[in-house]
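Please open the model in your viewer and keep the sequence panel beside it. The stops below say what to select next and what is there.

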Amino acid sequence: MSDINMSVNIAGVELKNPVTVASGTFGSGMEYGEYVDLNRLGAVTTKGVANIPWPGNPTPRIAETYGGMMNAIGLQNPGLDTFVKRDIPFLKQYDTKIIVNVCGKSEADYVDAVEKLGEQPVDLLEINISCPNVKEGGIAFGQVPSSAEAITKAVKKVAKQPVIMKLSPNVTDITEMAKAVEAGGADALSLINTLTGMKIDVNRRTFAVANKTAGVSGPAIHPIAVRMVYQVANAINLPIIGMGGIRTAED
C-alpha cells in the first residue's frame with residue numbers, strides 16, 4: 001500500500017491523499033486529535049472563522065432527523081485572533097495541509113479575514129458563501145449569481161492562498177452558481193453545504209431548534225450532493241472538493 005500514490009493537486013497545493021473533513025464537523029482538529037491521527041488526512045478543513053467572534057444562535061441548536069440531523073449553530077466561532085494564536089499552531093504540528101473556512105456577513109468581513117490569513121502558514125482558503133448578506137436583506141451570498149461572483153472577485157483580489165468557494169445547495173440551479181464563482185476567479189469549488197429544513201417538536205408544540213430553520217446533513221442528503229457534484233463537474237473546469245473525495249480538473 002505504501003507504493004500507491006494517493007496525492008492530489010488542488011490549485012497548486014499538493015495533498016498526500018484526497019481525504020479531508022467537512023468544515024464544521026471537526027472543529028479545528030483539536031477536539032478529535034486523541035481519536036484519530038491527523039497525520040493520515042490529506043487536509044484538515046477548519047470550522048468557519050470570521051474576522052471577529054460570533055456568538056452563534058440561541059439553543060436548542062441541533063435536532064435528529066430520519067437519516068441525518070439538523071443544526072443551526074449560527075457559525076459560532078472565537079474570531080480570527082484566537083484562531084491564529086491557538087488553532088493554527090496546533091495544526092502545524094501535523095503532516096497535513098490546512099484549509100481554513102472563512103465566513104462573513106459583508107464583503108468587508110470576508111476581505112478583512114482573507115487579508116489577515118494571507119500572513120499565516122495555511123494552505124488553502126474555503127470561502128463559505130452560505131452566510132447571510134446583511135446588506136442585501138439576509139439573502140445568502142451563494143444564492144444570487146451576481147453576488148457570488150462579486151464576493152469571489154473581492155476575495156481573490158486580496159488572497160495570497162488559493163481560494164475554494166463553498167457552494168450552497170439551496171438554489172434553483174447549482175451550475176449557475178458554479179459558473180458565477182468560476183467567472184469571479186475561484187481556484188476550486190467545495191460542494192455542498194447543508195440543505196435548509198425545519199422540524200416541529202410535536203410534544204412541545206414548537207420548533208425543534210430555536211432558529212426555526214436549520215441545515216440538514218447526513219446520509220439522506222448524500223444522493224443530492226452527488227448529483228450536484230456531477231452537474232457542476234460537467235459545467236465548469238475547476239477542481240471540486242465534494243462527497244467521496246476530490247475531483248481535479250483533469251479527471
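The tour goes from the whole chain to its helices and then to single residues.

**Before you start**

This is a predicted model, in which local features need pLDDT of at least 70 and side-chain atom pairs count only at pLDDT 80 or more, while totals for chains, interfaces and linings use all residues. Residues are numbered from 1 along each chain as its sequence is written, and side-chain values use heavy atoms, with hydrogens and water left out.

**The whole protein**

Select everything and show it as a cartoon: the protein has five helices and 15 strands, where helices (H or I, at least four residues) and strands (E, at least two) are DSSP runs numbered from the N terminus. The radius of gyration is 18 Å, close to the 18 Å that the globule rule gives for 251 residues, so the protein is as compact as a globular protein of that length; the radius is taken over C-alpha atoms, and the rule is 2.2 Å times the number of residues to the power 0.38. Along the principal axes, the C-alpha atoms fill a box of roughly 55 × 40 × 35 Å.

Now switch on the surface, which comes to about 12300 Å² of accessible area, with 52% of this belonging to carbon and sulfur atoms; such areas come from the Shrake-Rupley method with a 1.4 Å probe, and for residues only the protein chains shown count as cover. Buried residues make up 46% of the 251 residues, where buried means under 20% relative accessible area, exposed over 50%, and partly exposed in between (1.4 Å probe, protein chains only). Of the contacts between residues at least 6 apart in sequence, 66% join residues at least 24 apart, a contact being heavy atoms within 4.5 Å.

**Helix 1**

Select residues 80–91, which form helix 1, and show the side chains of Leu80, Phe83, Asp87, Ile88, Phe90 and Leu91, which are buried. If you look down the axis of helix 1, its buried residues fall within an arc of 150°, so they line one face of the helix; the arc is that of the directions from the helix axis to the C-beta atoms. An α-helix has 3.6 residues a turn, so residues three or four places apart point the same way.

What lies on the face turned away from the buried side of helix 1? There you will find the exposed residues Asp81 and Lys85. To see what the buried residues of helix 1 pack against, add strand 3 (43–45), strand 6 (97–102) and helix 2 (107–117).

**Helix 2**

Staying with helix 2, select its buried residues Asp109, Tyr110, Val111, Ala113, Val114 and Leu117. Their cover includes helix 1, strand 6, strand 7 (124–128) and helix 3.

**Helix 4 and its two ends**

Next select residues 174–183, helix 4, where Ile174, Thr175, Met177, Ala178, Ala180 and Val181 are buried. Among the elements that cover these buried residues of helix 4 are helix 3 (145–158), strand 8 (163–166), strand 9 (188–190) and helix 5 (222–233).

Aspartate 173 lies in the loop between strand 8 and helix 4, and at 32% relative accessibility it counts as partly exposed. Draw a C-alpha to C-alpha distance from aspartate 173 to valine 232, and the two are 9.8 Å apart in space although 59 residues apart in sequence. Helix 4 is followed by glycine 185, whose phi is positive, near 105°.

**Backbone stops**

Most residues other than glycine have a negative phi, and most peptide bonds are trans. Where does a cis peptide bond join leucine to isoleucine? Select leucine 191 and isoleucine 192, where omega is about -5°; isoleucine 192 is in the loop between strand 9 and strand 10 (195–198). The peptide bond from threonine 59 to proline 60 is cis as well, with omega near 0°, and proline 60 lies in the loop between strand 3 and strand 4 (62–65).

Leucine 75, in the loop between strand 5 (68–71) and helix 1, has a positive phi near 55° without being a glycine, and at 24% relative accessibility leucine 75 counts as partly exposed. Lysine 212, also not a glycine, has a positive phi of about 75°; lysine 212 is found in the loop between strand 12 (206–207) and strand 13 (213–217).

**Last stop**

Finally select aspartate 3, in the segment before strand 1 (8–10), which is exposed at a relative accessible area of 79%.
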